[in-house]
Amino acid sequence: LFGAPTPGFDRVAERRQRVEDAERVRLLYVAMTRARQRLVLLGKWPATPAPVDESRRERFVDLLGSRRPLPPSIAALAPDEFDLERGVGAAEALWYFPGYVAPAAGGRRAFELPDWLPGPDAVRSSAAHLRELQGAAAKRMERPFHLAATHEAGERLAALGRESGLRLGVPATARETAMRVGTAIHRMFETWRLEADPKAELRRQRARIEADLEASLAADVHAEALERAGELLDRIEGGGLLTRFLELRDRIVARELAVALPPAAGGDGPVGFLSGAIDLVYRTRDGRLVIVDYKTDALELELEIETRAAEYADQERIYAEALHSALGLPEPPACELWFLWPDRLHRVAAGPP
């Protein structure tokens with residue numbers, strides 16, 4: 001309060017220190033008990049190892065230096081005729097001294113850099129390269145493992161303020177409501193009974209959508225969502241896209257097809273995979289596949305449609321590449337955007353008519 005620590009903070013600090021000390025021991029234990037055949041420990045031992053007081057053990061070497069038995073000193077381990085290949089067995093361990101050079105007669109033991117160790121310039125260069133790798137690794141860690149294929153398009157639309165949702169009075173903050181309506185329409189095409197009478201099937205779908213919206217939306221937005229969904233269904237019923245959908249019934253390959261593919265190399269995208277669901281895949285009369293993506297955006301003007309289609313283009317190319325690579329197609333399938341509100345079909349890439 002007012003910059004003063006809470007009473008009893010000293011006990012909290014003491015407990016935190018005990019936890020930290022215990023975690024250091026636990027981490028060393030885990031690291032040392034994973035080896036199956038040989039455990040190698042590399043470090044700079046003190047010339048005369050001695051136990052370190054528990055309150056001052058800040059490094060792993062402090063913990064290792066507190067074990068039993070310990071050699072009396074590093075110098076005592078190094079014989080006059082030292083064999084780097086065999087090392088020296090002492091204190092229940094095998095000791096190696098890479099920089100040790102046997103002394104001349106009557107001289108003192110010495111440690112020098114052997115020829116095979118890198119020099120200062122090489123060490124500095126390697127350290128600089130390591131810093132670069134660490135920076136790249138940190139950036140990679142910030143990237144998500146998985147993203148939806150729709151992520152970038154959604155982010156751009158939100159940034160531009162275009163994803164306001166419904167046009168019939170629902171506030172821009174009711175994005176979830178607009179998404180629920182869109183999801184209900186997608187579900188309609190997915191569950192449409194292709195063998196049923198179209199008018200009877202549309203009545204069934206209307207009833208299902210009304211029930212779904214009533215169950216999933218709050219009372220204050222339910223009525224407006226129903227009005228928006230009702231007008232969208234009226235437009236679909238009187239438009240050419242529903243007719244086209246029904247004409248394709250015998251050539252539909254899949255509806256709501258789940259896809260996944262590796263991300264593009266580099267960049268700031270996911271490191272694992274991209275995923276999504278293709279609303280509709282149908283086959284042309286000459287056997288080529290076409291991807292269809294339903295859009296429920298409340299658009300009217302031609303410029304609005306063209307602009308929105310450009311925002312969705314990358315998403316469609318991801319879907320096309322997913323099918324292209326998964327099925328080994330000679331070329332990526334064509335993509336169509338079905339804007340249901342204005343009853344407009346927009347082709348993202350050149351494809352069969």
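**Close-up views of a predicted model**

**View 1. R26 and E23 sit three residues apart in helix α1 (residues 9–32), so about one helical turn separates them.** As with every view here, what you're looking at comes from a predicted model. The two side chains form a salt bridge, and their closest N and O atoms are 2.9 Å apart. How accessible is R26? Its relative accessible area is 45%, so R26 counts as partly exposed. E23 is partly exposed too, with a relative accessibility of 38%. Side chains of opposite charge can pair when their charged atoms come close.

**View 2. In helix α4 (residues 120–142), D121 and R124 are three residues apart.** That spacing is about one turn of the helix. Their side chains meet in a salt bridge, at 2.4 Å from N to O. Are D121 and R124 buried or exposed? Both of them are exposed.

**View 3. Helix α7 holds a salt bridge between R204 and E201.** Here the closest N and O atoms are 2.7 Å apart. R204 and E201 are three residues apart, about one turn of the helix. Now look at how much of each residue is accessible. R204 is partly exposed, at 29% relative accessibility. E201 has a relative accessible area of just 2%; buried means under 20%, so E201 counts as buried. Elsewhere, E20, D21 and R24 are joined into one network by salt bridges that share partners. The count of salt bridges comes to 21.

**View 4. The largest nonpolar core has 32 residues.** Which residues have the most contacts inside this core? They are I185, M188, F189, F245, W338 and L340. Helices and strands both chip in: α6 (175–191), α7 (198–216), α8 (219–237), α9 (240–247), β7 (273–283) and β8 (289–295) each supply at least two residues. Which of these gives the most? That's α8, with six residues.

**View 5. Zoom in on F245, one of the residues with the most contacts inside the largest core.** Leaving aside residues up to four places away in sequence, F245 touches F189, W192, L194, I252, R255, L280, Y294 and W338. Two of the names in that list, F189 and W338, also have the most contacts inside the largest core, along with F245.

**View 6. A second nonpolar core, separate from the largest one, has 25 residues.** Among its members are V259, I278, I318 and F339.

Technical notes. Residues are numbered from 1 along each chain as its sequence is written. This is a predicted model: local features need pLDDT of at least 70, side-chain atom pairs count only at pLDDT 80 or more; totals for chains, interfaces and linings use all residues. Side-chain values use heavy atoms; hydrogens and water are left out. A nonpolar core is a set of buried Ala, Val, Leu, Ile, Met, Phe, Trp, Tyr and Cys residues joined through side-chain atoms within 4.5 Å. Buried means under 20% relative accessible area, exposed over 50%, partly exposed in between (1.4 Å probe, protein chains only). Helices (H or I, at least four residues) and strands (E, at least two) are DSSP runs, numbered from the N terminus. Contact means heavy atoms within 4.5 Å. A salt bridge is a side-chain nitrogen of Lys or Arg within 4 Å of a carboxyl oxygen of Asp or Glu.
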